[in-house]
Amino acid sequence: PYHDDVDVECRVIIPYLHDQTKLHSVRLALLAPKLVEELVPNTLPLGGVVKVLQNLLSEGVPIRDIRTIAETLADYAPQSQDSVFLTGVVRAALGRSILQHIAGIGVELEVMTLDPNFEQLLQQSIQQSGEGGIEPGMAENLHTTLQEHTQRQEALGKPAVLLVSAPIRPLLARFVRHSIPGINVLSYNEVPDDKQIKIIATIG
């Protein structure tokens, strides 16, 4: 659990820091100095920690549970220091809070999914190029369809969620980040087991 006095202490110590990533880095150091000592720099450089926090913040992921973030990084950084991989495993660890932030505490979550064949094409593209891409014509159709379903969900007062496999989540999140800001791209391993999934559209 975290207390408001930690935030106050952070702001008193570093009133000149307005960058949220730096603020959370200092909060972590105040709350768990031993964990920070073990994580940085022996397991992961500070720059790597900051990059993961920036990735989370760029998608609106709540990072108040900084201890879970640090513990997850400590567990997985020895496997890989790739920021995309580390962001993915941290997101999985924060899955319940991510879902609550998006859709509240309801039992059911309405989602869009991709056609399995289309999803497989995207995965193959990522494996071949390292980052992947979407063919222009296909990208235009995908964008139009996602935008339509997002607007429909928003009109109903419901969150728009695209649920995909973990390897292609970063690609699709970047694809819609600025052009369809109302959509949330989640991977299957971010959804808690007790959450009921209702597929409202299959795209592709």
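These are my notebook entries on the fold, the sheet and several residues of this chain.

**Entry 1. Overall composition**

I worked from a predicted model. I counted ten helices and four strands in the chain. Reading along the sequence, I wrote down the pattern α-α-α-α-α-α-α-β-α-α-β-α-β-β. I then looked up burial and found that buried residues make up 41% of the 204 residues. For the accessible surface of the chain I noted about 11,100 Å², with 52% of it belonging to carbon and sulfur atoms. I also checked the contacts with a separation of 6 or more, and residues 24 or more positions apart account for 72% of them.

**Entry 2. The sheet**

I traced an open sheet of four strands in the order β3-β2-β1-β4, with parallel pairing. At its edges I found β3 (183-187) and β4 (196-203), each of which pairs on one side only. From one strand to the next, the twist averages 40 degrees.

I next looked at which helices lie against this sheet. Helix α9, residues 136-155, packs on it and touches β1 (108-114), β2, β3 and β4. I recorded an angle of about 135 degrees between the direction of α9 and that of β4. Helix α10, residues 169-176, also packs on the sheet, where it touches β1, β2 and β3. The direction of α10 makes about 175 degrees with that of β3.

**Entry 3. Strand β2 and its partners**

I followed strand β2 (residues 160-164) to β3 and found five bridges joining the two, which run parallel. One residue I looked up here was Val164, whose bridge partner in β3 is Ser187. Towards β1, I found two bridges to β2, and this pair also runs parallel. For Met112, the bridge partner in β2 is Leu162.

How many residues of β2 are buried? I found five of the five buried, so the strand is largely enclosed by the rest of the structure. I checked each face in turn: Ala160, Leu162 and Val164 lie on one side, Val161 and Leu163 on the other, and all are buried.

**Entry 4. Helix α10**

I examined the connection from β2 to β3 and noted that β2, α10 and β3 make a right-handed β-α-β unit. Six of the eight residues of α10 are buried, so I entered this helix as largely enclosed by the rest of the structure. The buried residues are Arg169, Pro170, Leu171, Leu172, Ala173 and Val176.

**Entry 5. Arg91**

I looked up Arg91, which is found in helix α6 (residues 83-93). Is Arg91 buried or exposed? I found a relative accessible area of 3%, so Arg91 counts as buried, the cut-off being under 20%. Leaving aside neighbours within four places in sequence, I listed the contacts of Arg91 as Leu56, Glu59, Val61, Ile98, Arg169, Val185, Leu186 and Glu190. Among these, Arg169 is one of the buried residues of α10, and Val185 and Leu186 fall within β3 (183-187).

**Entry 6. The aromatic pair**

I searched for aromatic pairs and the count came to one. How are the rings of Tyr76 and Phe85 arranged? I noted that their centres are 6.2 Å apart and their planes at 70 degrees, so the pair is edge-to-face; planes over 60 degrees apart count as such. I then looked up the exposure of both residues. Tyr76 has 32% relative accessibility and counts as partly exposed. Phe85, at 30% relative accessibility, counts as partly exposed too.

**Entry 7. Ser80**

I located Ser80 in the loop between α5 (66-76) and α6. With a relative accessible area of 22%, Ser80 is partly exposed. Not counting residues up to four places away in sequence, I found that Ser80 touches Phe85 and Leu86; Phe85 is the residue whose ring pairs with that of Tyr76. Finally, I recorded the separation of Ser80 from Leu44: the two are 36 residues apart in sequence and 9.5 Å apart in space, C-alpha to C-alpha.

Terms used
Residues numbered from 1 in each chain as written. Predicted model: local features only at pLDDT ≥ 70, side-chain atom pairs only at ≥ 80, totals over all residues. Heavy atoms only, no water. Pairing = 2+ DSSP bridges. Axes fitted to C-alpha atoms, helices over the stretch in contact; angles between N-to-C directions. Contact = heavy atoms within 4.5 Å. Buried < 20%, exposed > 50% of the residue type's maximum accessible area, 1.4 Å probe, protein only. Right-handed = clockwise from strand over helix to strand, strands pointing away. Phe/Tyr/Trp six-rings, centres within 6.5 Å; stacked < 30°, edge-to-face > 60°. Areas by Shrake-Rupley, 256 points an atom, 1.4 Å probe, with all protein chains shown as cover.
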